[in-house]
Amino acid sequence: MSLNIQPFEIEAILGDVPINREELGALATSLGRRFDNVLRLRPNVPPSEIKMSLDPIDWYSLGYRNVCREQRPSKQLSFALGDYYLQDAGSLLALAAAQVDTDKSLASMLVCDLCAAPGGKASAVAEVLDRGGFLLANEPIRSRTPPLLHNLARTGSDRFAVSSLDPKKLAQKIPGVFDIVLVDAPCSGQALVGRNRQSEAAFSQKQIEHSASRQRRILAAAKMLLKPGGRIIYSTCTFAAAENEEQVEWMINSLGLLPSPIERLDQYAASKTPASYRIWPHRHACAGSFAASLSLPLETSGPTLPRLRKSQPVKPEADLSQWYNGDLSNDRYFGSGVNLYSLPSDAPDWVENVAVAGAEIAYKTGKVWKPAHAGALRRDSPSTNPSLAIDYTEVDSETAQTYLSGATIANSDRGWSVVMHANRPLGWIKSDGRVGKNHLPTASRWHGQTNQG
Ligand SMILES: C[S@@+](CC[C@H](N)C(=O)[O-])C[C@H]1O[C@@H](n2cnc3c(N)ncnc32)[C@H](O)[C@@H]1O
């Protein structure tokens, strides 16, 4: 794709970010390139189990490039089985700044992804959370929550909920509660022009200023959501200094946040501001991104969580024990009457006050309750195999592919069971003793997956 962005226009938006003439030319040329997505492996999946030629990504230990172009990562069975997620290598920079792959203590933290859809970063966090940990994935644009829920369900976790609020409203409801707030901000998206996801207008001053002022509103709310000592991870997929380094300066000078540098990212340091990092398309073969890590001083006193009206415990209308094992009475439930979501018993008290959705366990069509797809994929912890459903049907790879296409499969059992391949869950079938009717949602079928982030 050829673009009409000239090196001098890029130089103007970079302000005093140091870059020489030669590099400017290389950057301008690479803006029109579409870089392949890379694999972000599920934490317990060794790269040797993935049948592709993989090269590690330097800045994120779970990131790998597929180096053989004949092998399409989105068409592999292991992708459908949830062994990896596909995203631009640049978006792994924010995950590296949050230390999602290396900081074991993150498993028990409270994390908010304030601008979460479609869930490229939120799903990485959900995959590492364990007892005591919880993720609130907020996406104010309600129509963007279905792909977010789809990608969170793929993780097999129930340690998340989705809210859909303006960041300021969310911060007024639950101030001072999070250890980490991810702000992967809406931006002018200059790095996405080569992917046809933004027009060249992304480089206009008007667009940059509009994005920058919205980002400051979101960042002010993000600060309110933090516990003292908690961290904001700010990221964008744009090059303009006004949306990157200048926002870091503003967070330090106007919000009183402290730079919280990440040593392993030293080689990507953006030289103008501390604890700020850049990945460039012409140097790092990806769309490009910016990430920064800042913390709220420990001695900060701000608004704290108000007394919340205790929500009435929801008693599931559906008899969950017909599909699921275990003592489900310990779980918490919430829902809309048509969708039933479950929460682990140790989820924070405020969740039901802000959430619109979560890990779906059952849903109603007409008057009939059915087990939800997310329930089929549920794992006790990120590193265990599924254990929630009562019945499983292990199938060979050919049958797994038939199932993924949305077709029925032969099955001599009766009732609901989860189709598995290589001990990993794919989704539900309902069998009549001869044929298993396919209950895989359209978005999870071989051709309809929503995995960009
Ligand atoms: C760069 S995308 C986030 C990508 C996501 N974090 C991921 O990794 O897949 C920015 C998101 O912010 C949302 N957004 C738009 N306006 C917002 C606002 N005022 N506050 C918070 N989020 C907003 C957009 O709808 C979009 O989904």
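The radius of gyration is taken here over C-alpha atoms, and the value expected of a globule is 2.2 Å times the number of residues to the power 0.38. For the 453 residues of the protein chain in this predicted model, that rule gives a radius near 22 Å for a compact globule, and the chain agrees with it, because its own radius of gyration is 22 Å. Along the principal axes, the C-alpha atoms of the protein chain fill a box of roughly 70 × 55 × 35 Å. The secondary structure of the chain comprises 13 helices and 21 strands. Of the 453 residues, 49% count as buried. Contacts between residues at least 6 apart in sequence are made up, to 69%, of pairs at least 24 apart.

The protein chain is divided into three parts: domain 1, formed by residues 7–102 + 165–296; domain 2, residues 307–385; and domain 3, residues 391–452. The centres of domain 2 and domain 3, taken over C-alpha atoms, are separated by 22 Å. The contact between these two domains involves six residues of domain 2 and nine residues of domain 3. On the domain 2 side, helix α12 (residues 373–377) supplies the largest share, with three residues. That side of domain 2 consists of four nonpolar and two polar residues, with no charged residue among them.

Helix packing was examined for α8 (residues 205–225) and α9 (residues 245–253). The axes of the two helices come within 11 Å and cross at roughly 35°, and the crossing is right-handed. From α8, the residues Ala212, Gln215, Arg216 and Leu219 take part in the contact, where they meet Gln247, Trp250 and Met251 of α9. By class, the residues of this contact are four nonpolar, two polar and one charged. An α-helix has 3.6 residues a turn, so residues three or four places apart point the same way.

Helix α6 (residues 145–153) is mostly covered, with seven of its nine residues buried. The buried residues are Thr145, Leu148 and Leu149, together with the run His150, Asn151, Leu152 and Ala153. The elements that cover them include the helices α5 and α12 as well as the strands β6 (134–138), β7 (160–163) and β15 (355–365). Helix α12 thus appears in two settings, in the cover of α6 and on the side of domain 2 that touches domain 3.

Several loops carry distinctive backbone geometry. A cis peptide bond, with omega of about 5°, joins alanine 117 and proline 118. Proline 118 is located in the loop that runs between β5 (110–113) and α5 (120–128). Strand β5 also borders the loop that holds glutamine 99, which follows α4 (92–98). Glutamine 99 has a positive phi, near 60°, although the residue is not glycine. Since 18 other C-beta atoms lie within 10 Å, glutamine 99 is partly exposed. Another positive phi in a residue other than glycine, near 50°, is found at alanine 422. This alanine sits in the loop between β19 (414–421) and β20 (424–432). Alanine 422 counts as partly exposed because its C-beta neighbours inside 10 Å number 15.

Two further loop positions were considered for their surroundings. Isoleucine 174 occupies the loop between α7 (167–173) and β8 (178–184). With 26 C-beta neighbours inside 10 Å, isoleucine 174 counts as buried, because the cut-off for burial is 20 or more. Apart from neighbours within four places in sequence, isoleucine 174 is in contact with Leu305, Trp350 and Val354. One of these partners, tryptophan 350, lies 176 residues away along the chain, yet the C-alpha atoms of the pair are separated by 7.4 Å.

Asparagine 325 is placed in the loop between β12 (289–295) and β13 (332–335). Asparagine 325 has 12 C-beta neighbours inside 10 Å and therefore counts as exposed, since a residue is exposed at 12 or fewer. Leaving out residues up to four places away in sequence, asparagine 325 touches Ser387, Leu388 and Ile390. The C-alpha atom of asparagine 325 is separated by 20 Å from that of arginine 131, a residue 194 positions apart along the chain.

Definitions and conventions
Residues are numbered from 1 along each chain as its sequence is written. This is a predicted model: local features need pLDDT of at least 70, side-chain atom pairs count only at pLDDT 80 or more; totals for chains, interfaces and linings use all residues. Domain bounds come from an automatic or database domain assignment. Two residues are in contact if their C-beta atoms, placed from the backbone, lie within 7 Å. Helices (H or I, at least four residues) and strands (E, at least two) are DSSP runs, numbered from the N terminus. Ala, Val, Leu, Ile, Met, Phe, Trp, Tyr, Cys and Pro count as nonpolar, Asp, Glu, Lys and Arg as charged, and the others, Gly among them, as polar. Axes are lines fitted to C-alpha atoms, for helices over the stretch in contact, and angles run from 0 to 180 degrees between N-to-C directions. A crossing is left-handed if the near helix is turned anticlockwise from the far one by less than a right angle, and right-handed if clockwise.
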